[in-house]
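Biologist: I'd like to learn how to read a structure like this one. Could you take me through a few features?

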Amino acid sequence: MIVPGSKEHNLGNRFRRRRMAKFLELVEPVRARKTVRILDVGGTAAYWRALPALYGLPGVEITVVNLDQPESSEANLELRAGNACDLPFADGTFDIVHSNSVIEHVGHWTEMERMAAEVRRLAPSHFIQTPNIGFPIEPHFKLPFVHWMPEQARIRALQMTGRLGGDIDAGAATRAVQRISLLSASQFSFLFPESRIWKERVAGFTKSLVAIR
């Protein structure tokens, strides 16, 4: 858990602010002409509530899609259930697709290609973020170098460190490890060949990758 006021929390806030400023560079030119339609793949309502630059504003429509999400609406948000690899919308339904730390969770390479194709199909612009496999700290478990180890070593590391909360069995550790497939910059560029890849850096290392189109 990230403690408010901690260095980790402050670092996360700094990256979120910088990332949102970049995202607004895509949103504002569209919003100046017409209502901008944003699709958030794998997001939550809480994420948007924390962004007063867009939440509840006129001229902004945000659709949030996540697995097994109850359908509802609030302010300028529509919450829908859906799979990132097979989204229930017609081509070009949106102006911008947004996704934050989702593509590494959809499965293996085939599923990632399917999600990337859906992103490109649904809007002319996108802003897709994912952690970089080359960063020395694994972002989900907050352990150094563990994501560079063989799968069995990663499973054992989770069991030994208790990063999932107390004692866990091999099944829970295996499921946690196999839910994450981190990407390199070259892999990410392959998935989004028409995008500019923005590299977010910490201490000279690329922490995460953002495909911007």
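Biologist: Let's begin with the helices: at roughly what angle do the axes of helix α4 and helix α5 cross?

Modeller: Keep in mind that this is a predicted model. The axis of α4 (residues 151-161) crosses that of α5 (residues 170-178) at roughly 120°, and the two axes come within 9 Å. Angles over 115 and up to 145 degrees count as oblique, so α4 and α5 are oblique to each other.

Biologist: And is the crossing of α4 and α5 left-handed or right-handed?

Modeller: Right-handed, as α4 passes α5.

Biologist: Now the empty space. How many cavities of 30 Å³ or more does the structure hold?

Modeller: The general idea first: rolling a probe the size of a water molecule over the atoms shows where empty space is left. Here there is 1 cavity of 30 Å³ or more, and the largest cavity has a volume of about 40 Å³.

Biologist: Which residues line the largest cavity?

Modeller: R16, R19, M20, Y47 and L51 do. Helix α1 (residues 7-31) gives the largest share of that lining, 3 residues. Sorted by class, the lining has 3 nonpolar and 2 charged residues, with no polar ones.

Biologist: What does UniProt place at residues 40-122?

Modeller: The unreviewed UniProt entry puts "domain: Methyltransferase type" there. In the model, residues 40-122 are 23% helix and 27% strand, and the end C-alpha atoms of that span lie 11 Å apart.

Notes:
Residues numbered from 1 in each chain as written. Predicted model: local features only at pLDDT ≥ 70, side-chain atom pairs only at ≥ 80, totals over all residues. Heavy atoms only, no water. UniProt positions renumbered as here; feature names shortened; annotations may be inferred. Helix = DSSP H or I, 4+ residues; strand = E, 2+ residues; numbered from the N terminus. 1 Å grid on protein atoms, 1.4 Å probe; cavity = no way out; pocket = protein on both sides within 12 Å on 5 of 7 lines; lining within 4 Å. Points joined across faces, edges and corners; volume = space filled by probe spheres on them. Nonpolar A, V, L, I, M, F, W, Y, C, P; charged D, E, K, R; others polar. Axes fitted to C-alpha atoms, helices over the stretch in contact; angles between N-to-C directions. Parallel < 35°, antiparallel > 145°, perpendicular 65-115°, else oblique. Left-handed = near helix turned anticlockwise from the far one by under 90°.
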